[in-house]
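Welcome! Below are three exercises, each followed by a solution that you can trace step by step. Have a look at the model first.

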Amino acid sequence: MKKITVTSPLLPPLEELTPYLEDIWSRKWLTNSGYYHQQLEYELCKYLDVPYISLFSNGTLALITALQALELKGEVITTPYSFVATSHAIKWNNLKPVFIDIDPNTFNIDTNKIEEAITANTCAILPVHVYGNPCDHDAIQAIADKHNLKVIYDAAHAFGVRKNGQSILNMGDLSILSFHATKTYSTIEGGAIVCDSLEMKEKLDHLKNFGFESEAEISTCGMNSKLNEVQAAFGLASLKYISDAIKKREKVAEHYYERLKNISGITAFEVESHIDFNYSYFPILIDESTFGVSRDRLFEELKENNVLARRYFFPLITDFSAYKDYNKGKFVHSEKISKSVICLPIHHEITHNQVKEIVRIIQECRK
Ligand SMILES: Cc1ncc(COP(=O)(O)O)c(C=O)c1O
C-alpha cells in the first residue's frame with residue numbers, strides 16, 4: 001500500500017502561485033513587511049475574524065515575542081501536554097514554566113488546578129488549545145482577572161476554530177498561530193500573533209524587526225522573525241483553498257468516527273457541537289486492557305503497513321531532560337493520555353478507502 005502520512009501540506013496550484021512570484025520578481029522587494037506580507041495580514045484578519053495580526057517566520061518566534069511584548073517577569077503556568085515550543089518560549093524569556101495537569105476530557109489545561117499553582121511570582125497563564133479544541137476561556141480569564149495575570153494562548157493548532165460562532169483567537173491578551181507545513185493552513189514555515197489593539201500590533205511589528213521603530217530609533221532589543229514575500233504569497237494563494245480543505249478533513253473525521261465507533265478499547269476524540277472545528281488532528285486513545293494490544297504495538301503495526309500515525313504528544317514536555325528541574329508534581333491525566341494517544345492520518349487528500357484500510361489494520365492488529 002502507498003504510504004499514508006499523518007498529514008500532507010495544503011499546496012496552492014503551482015500555476016496560481018507563479019503570477020505572485022513573477023510580481024515579486026518584478027518588484028524586487030523580498031522581505032521587510034512587503035506588499036504580500038501586508039496583504040496576507042489583511043486577508044487573514046478577514047478570514048479569521050480578528051482585529052490585528054502580525055506575521056512571523058514561525059510559531060515559536062511568535063510565542064517568544066508574544067511573551068516578550070507583555071514584558072513579563074516570574075512564573076508562567078502552562079501544560080506539559082503540548083509541543084515543546086510552548087515551554088521553550090517561556091524559558092527563552094527567562095521566565096519559569098510551572099506545569100499543571102490537563103483535563104482528561106478536553107486534553108487542555110485543567111482550570112481547577114490553576115489557582116493552586118499561583119504564587120506571588122506568577123505573571124501569566126499560557127494554555128494551549130490542544131488539537132484546536134478551545135480551552136475553557138471563561139474560567140481561565142476569571143482567574144487571570146482575579147490575580148492580575150496575562151493570558152497568552154498557544155493557538156498553534158487552532159486556525160479558523162470558532163466557538164458559538166466567535167473566533168477563539170480573540171480570547172486572552174494574545175494568541176499565537178503556527179503556519180508550519182504540518183499545520184492545517186501553512187506558509188511552509190510561519191506563524192502569527194493575534195492582538196486587539198493597533199498599539200500592540202505596532203509593538204509586535206517592531207519586536208520582529210530588531211526593535212526598529214524608525215530608521216534612527218531602536219528602543220527595545222528585538223529579533224529578526226519576519227515572514228518573507230515568497231512565503232506570504234504562498235499563504236495568500238493557499239488561503240483560497242483552506243475552507244475546502246477543512247471540509248474535506250471533516251469528511252475524513254466522519255468516516256473515522258463511523259468505522260471506529262464499535263471497536264472496544266478505542267476512544268476517538270470528539271468536539272462539541274457548538275465548535276466550528278478545523279480537524280487538524282485525529283487523536284484516538286487506546287485502552288490496552290480492552291483493546292488487547294498496546295498503543296506502541298498498534299503504532300508499529302500501522303507503520304509496518306505504511307500508515308504513518310504519530311504519538312502526539314509523547315513524551316510529555318516534563319519528561320524531556322531539558323525540563324527535569326521543572327517536573328514538579330504528578331501529571332496523572334497528562335501521563336495517561338500521552339501513553340495512550342495516537343493521532344491517525346488526517347488531511348485534505350485522504351480518501352474514504354484509505355480510512356477503511358487504516359481501520360482494517362487497527363482491527364487486524366488485535367488478532
Ligand atoms: C502547540 C504548538 N505550539 C507551538 C508550535 C511551534 O510552531 P512552529 O513549528 O511554527 O515554530 C507548534 C508546532 O508544531 C505546536 O504544535
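Two strands pair if DSSP finds at least two bridges between them. Helices (H or I, at least four residues) and strands (E, at least two) are DSSP runs, numbered from the N terminus. The model is a predicted one: local features need pLDDT of at least 70, side-chain atom pairs count only at pLDDT 80 or more, and totals for chains, interfaces and linings use all residues. Residues are numbered from 1 along each chain as its sequence is written, and side-chain values use heavy atoms, with hydrogens and water left out.

**Exercise 1.** Find the partners of strand S8 (residues 174-178) and decide how its faces are covered.

Step 1: Start with strand S5 (residues 150-154), which three bridges join to S8; the two run parallel. Here, tyrosine 153 stands opposite serine 175 of S8.

Step 2: Turn to strand S9 (residues 191-195), which runs antiparallel to S8 and is joined to it by four bridges. In this pair, isoleucine 176 faces isoleucine 193 of S9.

Step 3: Recall that in a regular strand the side chains alternate between the two faces of the sheet. Buried means under 20% relative accessible area, exposed over 50%, and partly exposed in between (1.4 Å probe, protein chains only). On one side of S8, Leu174, Ile176 and Ser178 are buried, and on the other side so are Ser175 and Leu177.

**Exercise 2.** Describe the surroundings of histidine 37 in helix H2 (residues 35-48).

Step 1: Histidine 37 counts as buried because its relative accessibility is 2%.

Step 2: Contact means heavy atoms within 4.5 Å. Leaving aside neighbours within four places in sequence, histidine 37 is in contact with Leu55, Lys208, Leu227, Glu229 and Ala232.

Step 3: A polar contact is a pair of N or O atoms within 3.5 Å; within protein, one must be able to donate a hydrogen and the other to accept it, and residues adjacent in sequence count only if both atoms are side-chain atoms. The side chains of histidine 37 and lysine 208 form such a contact, at 3.4 Å.

**Exercise 3.** Which residues are closest to the ligand?

Step 1: The ligand is surrounded by 15 residues (a heavy atom within 4 Å). The closest are Gly59, Thr60, Asp154, Ser178 and Lys183.

Step 2: Now check distances. A polar side-chain atom of threonine 60 lies 2.6 Å from a ligand oxygen atom. For serine 178, an N or O atom in the side chain is 2.7 Å from an oxygen atom of the ligand.
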